[in-house]
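I opened the model and kept notes as I went. The entries follow in the order of my lookups.

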Amino acid sequence: MKKFKKLLALSFCLVALTALISSCSKDDDNNNGGPYEVEYKVTASSNATISTVVYGNAQGDPTSVTSLSGDTWSKKLTVNAGVQSISIGANATATDANATLKVEIIINGKVVKENTGSGQYLTATAVYIPGT
């Protein structure tokens, strides 16, 4: 359980740090296009349960969803123009070390970033920088 708490804290820090760095990295004059129709998807294998998801909201700020209990989660939203990064992180626990956890960022119907974690205590993150 200690390992899971460390992974959870690490993923929260990663998403928050990405949002902070991205918001400071460019002038507000560069709006990076947008707005974007974004869908976040998290999928765990059948032997795993998603517990927490952290994603960038419409303004690019980290938003946490906790106390989850299934093996899938998704969210659709419109992300404002000028948002410097679109990111998601998720944590899950599994009954054994053969589990997987996949996160996806889908923009306008196209998967632009995805990442997969594996093991008994799972973490996966993905970050998309518009315009790259």
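**Entry 1: strand β6 and its partners**

I started at Lys41, which stands opposite Glu104 in β6. The model is predicted, so I kept its limits in mind: local features need pLDDT of at least 70, side-chain atom pairs count only at pLDDT 80 or more, and totals for chains, interfaces and linings use all residues. Residues are numbered from 1 along each chain as its sequence is written, and side-chain values use heavy atoms, with hydrogens and water left out.

I then looked up the strand pairing around β6. β1 and β6 pair in the antiparallel sense over 7 bridges. I call two strands paired if DSSP finds at least two bridges between them. Strands are DSSP runs of E with at least two residues, helices are runs of H or I with at least four, and both are numbered from the N terminus.

On to β7, residues 110-118. β6 pairs with β7 over 8 bridges, again in the antiparallel sense. I noted one bridge partner here: Lys102 faces Thr116 in β7. The two strands form a hairpin with 2 residues between them. Asn108 sits in the turn and has a positive phi of about 50°.

How many residues of strand β6 are buried? I found 6 of the 8, so β6 (residues 100-107) is largely enclosed by the rest of the structure. Buried means under 20% relative accessible area, exposed means over 50%, and partly exposed lies in between (1.4 Å probe, protein chains only).

**Entry 2: the salt bridge**

I searched for salt bridges, defined as a side-chain nitrogen of Lys or Arg within 4 Å of a carboxyl oxygen of Asp or Glu. The structure holds 1. Lys102 forms it with Glu114, and the closest N and O atoms are 3.4 Å apart. Lys102 lies in strand β6 and Glu114 in strand β7, so the pair ties together parts that are 12 residues apart in sequence.

I checked the exposure of both residues. Lys102 is partly exposed, at a relative accessible area of 30%. Glu114 also counts as partly exposed, at 47%.

**Entry 3: the two sheets**

I traced the sheet that holds β6. Its 4 strands form an open sheet in the order β4-β1-β6-β7, with antiparallel pairing. β4 and β7 are the edge strands, and each pairs on one side only. The twist averages 10° from one strand to the next. Such angles use axes that are lines fitted to C-alpha atoms (for helices, over the stretch in contact), and they run from 0 to 180 degrees between N-to-C directions.

Another open sheet of 4 strands has the order β3-β2-β5-β8, also antiparallel. Its edges are β3 (62-65) and β8 (121-128). Each has a single partner strand, so one side of each is left without a neighbour in the sheet. Neighbouring strands here are turned by 15° against each other on average, direction ignored.

I also looked at the pairing of β2 with β5 (residues 86-94). They run antiparallel and are joined by 7 bridges. Thr52 stands opposite Asn91 in β5.

**Entry 4: aromatic pairs**

Which rings pair? I counted rings of Phe, Tyr and Trp (its six-membered ring) with centres within 6.5 Å; planes under 30 degrees apart are stacked, over 60 edge-to-face, and the rest tilted. The search of the whole structure finds 2 aromatic pairs.

Tyr40 and Tyr55 form a tilted pair, at 5.4 Å centre to centre and 45° between the planes. Tyr40 lies in strand β1 (residues 36-44) and Tyr55 in strand β2 (residues 48-56), so the pair ties together parts that are 15 residues apart in sequence. Tyr40 and Tyr55 are both buried.

Tyr55 also pairs with Trp73, tilted as well, at 5.6 Å and 40°. Trp73 lies in strand β4 (residues 72-79) and Tyr55 in β2, so this pair ties together parts that are 18 residues apart in sequence. I read 8% relative accessibility for Tyr55. Trp73 is buried too, at 14%. Tyr40, Tyr55 and Trp73 form one aromatic cluster.

**Entry 5: whole-chain totals**

I closed with the chain. Its secondary structure comes to 1 helix and 8 strands. From the N terminus on, the elements run α-β-β-β-β-β-β-β-β. Buried residues make up 42% of the 132 residues.
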